[in-house]
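Biologist: I'm new to this one, so could you walk me through it? Let's have the picture up first.

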Amino acid sequence: MGFLDTLLGRSKPAKPDLDQLFALSSAAITLEAGTGFTPTGQGSVCFRAAEGGAFARLQRDVQELLDADQGPKVEISDDKYGYTWLLATHRPDELPDLVTDLHAVNSTLESGGFGPHLLCSLAGFRGPDGQRLALVYLYKRGTFYPFAPLPGEKRDNALELQVRGAVGADLPFEDDLGRWFPVWGAPGL
């Protein structure tokens with residue numbers, strides 16, 4: 001960033017730091033203590049699938065890598081916006097393993113040259129009353145935000161702000177609330 005950029009108030013966006021995903025494990029402990037939300041054992045990675053054999057091979061390799069442990073625990077689906085979702089499932093008490101899988105998928109796509117195709121990753125949580133919640137990692141921003149859907153494609157903004165307050169010290173949160181995009185119907189939510 002140059003002097004003129006500083007003078008005019010322009011800044012470079014934060015670079016993705018995939019190792020931030022590992023902070024989800026400690027944030028989950030804080031989240032449970034502060035709000036009662038516990039991991040569901042499901043998480044997903046969202047990306048725009050690229051055309052061509054190289055990407056198809058890479059996607060197949062990722063699925064085989066994650067399925068190698070204990071049989072099928074990975075599902076791939078497409079949403080109505082043209083994004084591909086890779087859903088990983090573990091037992092709820094295996095959040096560190098789930099986070100490792102999410103990190104592996106992101107890292108594999110990034111190292112294969114498909115980092116610009118990555119959109120977000122999320123880990124699912126459930127509240128004591130059954131309320132759903134996701135902690136969403138925005139790949140291009142290197143930040144997290146909470147997403148708490150309600151029936152009828154509404155969201156619980158108060159809960160989202162409460163979650164940010166509860167785990168904001170554990171995760172780098174997205175300051176721009178306009179970037180807290182809804183991920184309606186996301187696998188793992």
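Modeller: One term before we start: a residue counts as buried when its relative accessible area is under 20%, and as exposed when that area is over 50%, with partly exposed in between. Keep in mind too that this is a predicted model.

Biologist: Fine. With that cut-off, is His103 buried or exposed?

Modeller: His103 sits in helix H4. Its relative accessible area is 15%, and the cut-off for buried is under 20%. So His103 is buried.

Biologist: Let me step back for a second. How many helices and strands does the protein have?

Modeller: Read from the N terminus, the elements go α-α-β-α-β-β-α-β-β-β-β-β-α. Each α in that string is a helix and each β a strand, and the totals are five helices and eight strands.

Biologist: And what share of the 189 residues is buried?

Modeller: The whole protein exposes about 9,600 Å², with carbon and sulfur atoms supplying 53% of that area. As for residues under the 20% cut-off, the buried share of the 189 is 43%.

Biologist: Back to His103, then. Which residues does His103 touch, beyond its neighbours within four places in sequence?

Modeller: The chain brings an earlier stretch up against helix H4, where His103 lies. One partner is Leu18, which is 85 residues away in sequence but 6.5 Å away in space, C-alpha to C-alpha. The full set for His103 is Leu18, Asp19, Leu21 and Phe22.

Biologist: Where is Leu18 placed, and is Leu18 buried or exposed?

Modeller: Leu18 is in the loop between helix H1 (3-7) and H2. Besides His103, its contacts include Asn106, Ser107, Glu110, Tyr137 and Tyr139. Its relative accessible area is 7%, so Leu18 is buried.

Biologist: Glu110 came up there. Which side chain makes a polar contact with the side chain of Glu110?

Modeller: Glu110 is another residue of helix H4, and at 34% relative accessibility Glu110 is partly exposed. The C-alpha atoms of Glu110 and Leu18 are 9.8 Å apart, with their places 92 residues apart in sequence. The polar contact is 2.5 Å, and the partner in it is Tyr139.

Biologist: Let's try a strand. Why does Ser121 count as buried?

Modeller: Ser121 belongs to strand S4 (residues 118-126). Setting aside neighbours within four places in sequence, Ser121 has contacts with Leu21, Ser44, Val45, Asn106, Leu135, Val136 and Tyr137. Ser121 counts as buried because its relative accessibility is 2%.

Biologist: What is the distance of the polar contact between the side chains of Ser121 and Asn106?

Modeller: Asn106 is already on the contact list of Ser121, and Leu18 touches Asn106 as well. Between the side chains of Ser121 and Asn106, the polar contact is 2.8 Å.

Biologist: Now the helices. At what angle do H2 and H4 pack?

Modeller: Two packed helices are described by the angle between their axes and the distance between the axes. Here helix H2 covers residues 23-35 and helix H4 residues 95-114, and their axes lie 8 Å apart. The crossing is right-handed. The angle is about 145°.

Biologist: How many residues in the contact of H2 with H4 are nonpolar, polar and charged?

Modeller: From H2 come Leu24, Ser25 and Ala28, and they meet Leu95, Pro96 and Val99 of H4. Sorted by type, that makes five nonpolar, one polar and no charged.

Biologist: Over to strand S2. Is Ser77 buried, partly exposed or exposed?

Modeller: Ser77 lies in strand S2 (residues 74-78). Its contacts outside the four-place window are Tyr83, Thr84, Trp85 and Pro187. With a relative accessibility of 30%, Ser77 counts as partly exposed.

Biologist: Last one: which residue other than glycine has a phi near 50°?

Modeller: Look in the loop between strand S7 (149-150) and strand S8 (154-155). The residue there has 52% relative accessibility, so it counts as exposed. The positive phi belongs to Glu153.

How values were computed. Residues are numbered from 1 along each chain as its sequence is written. This is a predicted model: local features need pLDDT of at least 70, side-chain atom pairs count only at pLDDT 80 or more; totals for chains, interfaces and linings use all residues. Side-chain values use heavy atoms; hydrogens and water are left out. Helices (H or I, at least four residues) and strands (E, at least two) are DSSP runs, numbered from the N terminus. Buried means under 20% relative accessible area, exposed over 50%, partly exposed in between (1.4 Å probe, protein chains only). A polar contact is a pair of N or O atoms within 3.5 Å; within protein, one must be able to donate a hydrogen and the other to accept it, and residues adjacent in sequence count only if both atoms are side-chain atoms. Contact means heavy atoms within 4.5 Å. Axes are lines fitted to C-alpha atoms, for helices over the stretch in contact, and angles run from 0 to 180 degrees between N-to-C directions. A crossing is left-handed if the near helix is turned anticlockwise from the far one by less than a right angle, and right-handed if clockwise. Ala, Val, Leu, Ile, Met, Phe, Trp, Tyr, Cys and Pro count as nonpolar, Asp, Glu, Lys and Arg as charged, and the others, Gly among them, as polar. Accessible areas come from the Shrake-Rupley method with a 1.4 Å probe; for residues, only the protein chains shown count as cover.
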